[in-house]
Amino acid sequence: MKHTDSITGYHAHIYFDEHTAAQARALCQHAAELFGAEMGRMHEKPVGPHPRWSCQLAASPEQFSKLLPWLALNRDGLIVFAHPETGDALADHRDHAIWLGTGLTLDLSIFS
């Protein structure tokens with residue numbers, strides 16, 4: 001396993017479905033406004049390794065240090081998957097994963 005000391009940023013993926021899409025959008029928009037994180041598109045289908053619909057928040061390490069605790073307290077039942085950006089996508093998603101709520105199985109085959 002490759003080790004790195006260099007985290008260039010973080011991604012937080014907020015998972016939702018047809019019943020929680022408005023809740024997830026509001027959460028992501030509010031987080032982007034509060035912490036300066038970059039909000040990605042609301043994907044209404046599984047994208048990449050993600051098993052559910054999701055929206056990504058991209059944050060610097062400094063932003064993430066405030067964003068993650070806020071998400072823990074304000075996710076209101078939504079599942080959040082977060083990971084660092086080190087340049088090793090497989091390890092970032094598999095070995096360095098941070099889950100708020102129930103951990104899910106990712107499709108890591110896209111990284112091989």
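## Sheet, helices and cysteines in a predicted model

Val47 is partly exposed, its relative accessible area being 28%. The structure described here is a predicted model. Val47 sits in the loop that joins β2 (38-43) to β3. From Val47 to Trp70 the separation is 23 residues in sequence and 25 Å in space, taken C-alpha to C-alpha.

**The sheet**

Five strands make up an open sheet, ordered β2-β3-β1-β4-β5, with antiparallel pairing. At the edges lie β2 and β5 (98-100), each of which pairs on one side only. On average, neighbouring strands of this sheet are turned by 20 degrees against each other, with direction ignored. In general, the strands of a sheet pair through backbone hydrogen bonds, in either a parallel or an antiparallel arrangement.

Three of the strand pairings are listed below.

| Strand pair | Sense | Bridges | A facing pair |
|---|---|---|---|
| β1 (residues 9-16) and β4 (residues 80-85) | antiparallel | six bridges | Gly9 and Glu85 |
| β1 (residues 9-16) and β3 (residues 53-59) | antiparallel | seven bridges | His13 and Gln56 |
| β2 (38-43) and β3 (residues 53-59) | antiparallel | four bridges | Glu38 and Ala58 |

How many of the residues of β1 are buried? Strand β1 is mostly covered, and eight of its eight residues are buried. In a regular strand the side chains alternate between the two faces of the sheet. In β1, one side carries Gly9, His11, His13 and Tyr15, and the other carries Tyr10, Ala12, Ile14 and Phe16. The residues on both sides are all buried, so both faces of β1 count as covered, given that buried means under 20% relative accessible area.

**The helices**

Both helices pack on the sheet. Helix α1 touches β1, β2 and β3, and its direction makes about 165 degrees with that of β2. Helix α2 touches β1, β3, β4 and β5, and its direction makes about 140 degrees with that of β3.

The two helices also meet each other. The axes of α1 (residues 21-35) and α2 (residues 61-74) come within 11 Å and cross at roughly 145 degrees. This crossing of α1 and α2 is right-handed. On the α1 side the contact involves Leu27, His30, Ala31, Leu34 and Phe35. These meet Gln63, Lys66, Leu67, Trp70, Leu71 and Asn74 in α2. Sorted by class, the contact of α1 with α2 consists of seven nonpolar, three polar and one charged residues. Trp70, one of the α2 residues in this contact, is the residue that lies 25 Å from Val47, C-alpha to C-alpha.

**The cysteines**

Why does the sulfur of Cys28 form no bond with the sulfur of Cys55? The closest cysteine sulfur to that of Cys28 is in Cys55, 3.6 Å away, which is too far for a bond. The cut-off for a disulfide is a pair of cysteine sulfur atoms within 2.5 Å, and 3.6 Å therefore does not qualify. Seen from the other residue, the closest cysteine sulfur to that of Cys55 is in Cys28, at 3.6 Å. The count by this rule is zero disulfides.

Are these two cysteines buried or exposed? Cys28 has 0% relative accessibility and so counts as buried. Cys55 has a relative accessible area of 0% and is buried. Val47, by contrast, is partly exposed at 28%.

How values were computed. Residues numbered from 1 in each chain as written. Predicted model: local features only at pLDDT ≥ 70, side-chain atom pairs only at ≥ 80, totals over all residues. Heavy atoms only, no water. Buried < 20%, exposed > 50% of the residue type's maximum accessible area, 1.4 Å probe, protein only. Axes fitted to C-alpha atoms, helices over the stretch in contact; angles between N-to-C directions. Left-handed = near helix turned anticlockwise from the far one by under 90°. Contact = heavy atoms within 4.5 Å. Nonpolar A, V, L, I, M, F, W, Y, C, P; charged D, E, K, R; others polar. Pairing = 2+ DSSP bridges.
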